[in-house]
Amino acid sequence: MMAAASPVNLFGLDRTALRARFLDMGEPPYRADQVMHWIYRRGMDDFGAMTNLGKDLRAQLAGHFVIRPPELLTEQVSQDGTCKWVLRVDARNAVETVFIPEGSRGTLCISSQVGCAMDCSFCSTGAQGFSRNLTTAEIVAQVWFASKALGGNFQTARAISNVVFMGMGEPLANYAEVLPTLRILLDDHGFGLSKRRVTVSTSGLVPFMDRLREDCDTALAVSLHAPNDELRNELVPINRKYPLAELMAACRRYTEQKDRKAHIVYEYVMLEGVNDRTEHALQLAKLLAGLPAKVNLIPFNPFPGTEYRRSKLEQIRNFAGVLYAKDILTTTRKTRGDDIDAACGQLVGRVHNRQRRRLRDIPVHTVHS
Ligand code: SAH
Ligand code: SF4
């Protein structure tokens, strides 16, 4: 006898996939839309309470599906209101999700992988290695969980106005699971966020930047961190595979057919004595000249074992000033939640490292031939 299939977690199905399941059960597609509405707009995880569905259908749904958020391991609230949750995704692994309130806005920073294989030299997630990709259900459930935890009414007064893929992991290295997640974030029956309020942040996986442009076209942030290949190879090792010329060409393509307001945010971590000199700022200005770009300078957030130091405020100001003088819009990211280790690059979760080889160990010439 075959074992019964385990129930499917509805957080993993976007509207197209859910409608297909409903058709298989002989139900019209609009029923799927109603269920999504209950889950994402009303914050419901109990089929029994979905009162506009017939009793039989509710029972059938409860037999086929679950609506299961991850288990909360810890919750920490920073003095500045930033919240960090550590969520268990399986027996060995946990990920972090961070909420950053800012006036009338609230940004949720979500994880897409357990750990990260990109091995950027200044990032604590990278330093932990890589365990596995998160599933769509595990990524979507972070947003659902946070909305509930923040007590937001899902329909009005929504606590979460923006979602950024700036937690653990490289989202474009997990494209197959991230794309349905984006669809649920943007869907009117899902979280109903607009494209410009959902930001995918990437270290520069060029082929997937092109796919994202075709498939979903959300806001994009690119982790640049260095204005020349020599330095970027060292800081962001994926640069050996997709060097700056290719990356910048992909960035150009990403905004090409969009309206005039569309731009890419270039993230640049400020590392004392490494990438923060005037000459770097001048190189960066040259690299971005003529592109619809904003630069976001991120003061480095230290973590145990790192040899990097945060650039002095004076140096950050000088760097921003050079860019500004070249007409490049530049902001400096406020460090939030650092008293609870919730700042950029400090997210570690619990990672069972299954990766053997480190990207940084791959010789340049064998990767980029
Ligand atoms: N993997 C994706 C998204 C997650 S990291 C990416 O790299 O874009 C989100 C941002 O935090 C990235 O720009 C990343 O480079 C930056 N970051 C990583 N470690 C950091 C640290 N220790 N201090 C400051 N920013 C860091
Ligand atoms: Fe991965 Fe982003 Fe950290 Fe690089 S900066 S190791 S891509 S999470």
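How many of the 12 residues of α6 are buried? The count is 9 of 12, so the helix is largely enclosed by the rest of the structure. Buried here means under 20% relative accessible area, exposed means over 50%, and partly exposed is in between, using a 1.4 Å probe and protein chains only.

A word on ground rules. This is a predicted model, where local features need pLDDT of at least 70, side-chain atom pairs count only at pLDDT 80 or more, and totals for chains, interfaces and linings use all residues. Residues are numbered from 1 along each chain as its sequence is written, chains are lettered from A and ligands numbered from 1 in the order in which they are written, and side-chain values use heavy atoms, with hydrogens and water left out.

**The whole chain**

The protein chain has 12 helices and 14 strands. Helices (H or I, at least four residues) and strands (E, at least two) are DSSP runs, numbered from the N terminus. Of its 369 residues, 53% count as buried. Take the contacts with a separation of 6 or more, and 68% of them come from residues 24 or more positions apart; a contact means heavy atoms within 4.5 Å. The accessible surface comes to about 17000 Å², with 50% of that belonging to carbon and sulfur atoms. Accessible areas come from the Shrake-Rupley method with a 1.4 Å probe, and for residues only the protein chains shown count as cover.

**Back to α6**

The buried residues of α6 are Y175, V178, L179, P180, T181, L182, I184, L185 and L186. Their cover includes α2 (29-41), α5 (136-149), β9 (162-165), β10 and α7 (206-215). The geometry checks out too: at 1.5 Å a residue, the 12 residues of α6 should span 16 Å, and the end C-alpha atoms are 16 Å apart, which agrees. That expected span is 1.5 Å times one less than the number of residues.

T181 is a nice one to zoom in on. It sits in α6 (residues 175-186) and is buried, with a relative accessible area of 0%. Not counting residues up to four places away in sequence, T181 touches T136, I139, V140 and F165. A polar atom of the T181 side chain also lies 2.7 Å from the backbone oxygen of E177.

**The two ligands**

Ligand 1 has 20 residues around it, and F122, G169, S201, S223 and H225 come nearest. Being near means having a heavy atom within 4 Å of the molecule or strand. The shell divides into 9 nonpolar, 9 polar and 2 charged residues. For that split, Ala, Val, Leu, Ile, Met, Phe, Trp, Tyr, Cys and Pro count as nonpolar, Asp, Glu, Lys and Arg as charged, and the others, Gly among them, as polar.

Some polar backbone atoms sit within reach of ligand nitrogen, as tabulated here.

| Ligand atom | Backbone partner | Distance |
|---|---|---|
| Nitrogen of ligand 1 | F122 | 2.9 Å |
| Nitrogen of ligand 1 | G169 | 2.9 Å |
| Nitrogen of ligand 1 | N301 | 2.9 Å |

The protein covers 96% of the 530 Å² of accessible area that ligand 1 has on its own. Elements giving two or more residues to its shell are β10 (198-202), β12 (264-270) and β13 (293-299).

What about ligand 2? It is surrounded by C116, M118, D119, C120, C123, G126, G169, E170 and S203. By class, that shell has 4 nonpolar, 3 polar and 2 charged residues.

**A strand residue and two odd phi values**

E75 lies in strand β3 (residues 71-77) and is partly exposed, at 47% relative accessible area. Leaving aside neighbours within four places in sequence, E75 is in contact with K84 and W85. The side chains of E75 and W85 are joined by a polar contact of 2.8 Å. A polar contact is a pair of N or O atoms within 3.5 Å; within protein, one must be able to donate a hydrogen and the other to accept it, and residues adjacent in sequence count only if both atoms are side-chain atoms.

Most residues other than glycine have a negative phi. H225 has a positive phi of about 70° although it is not a glycine. H225 is placed in the loop between β11 (219-223) and α8 (229-235), and it is buried, with a relative accessible area of 4%. D327 also has a positive phi, near 65°, and lies in the loop between α11 (313-325) and β14 (329-332). D327, though, is exposed, at 74% relative accessible area.
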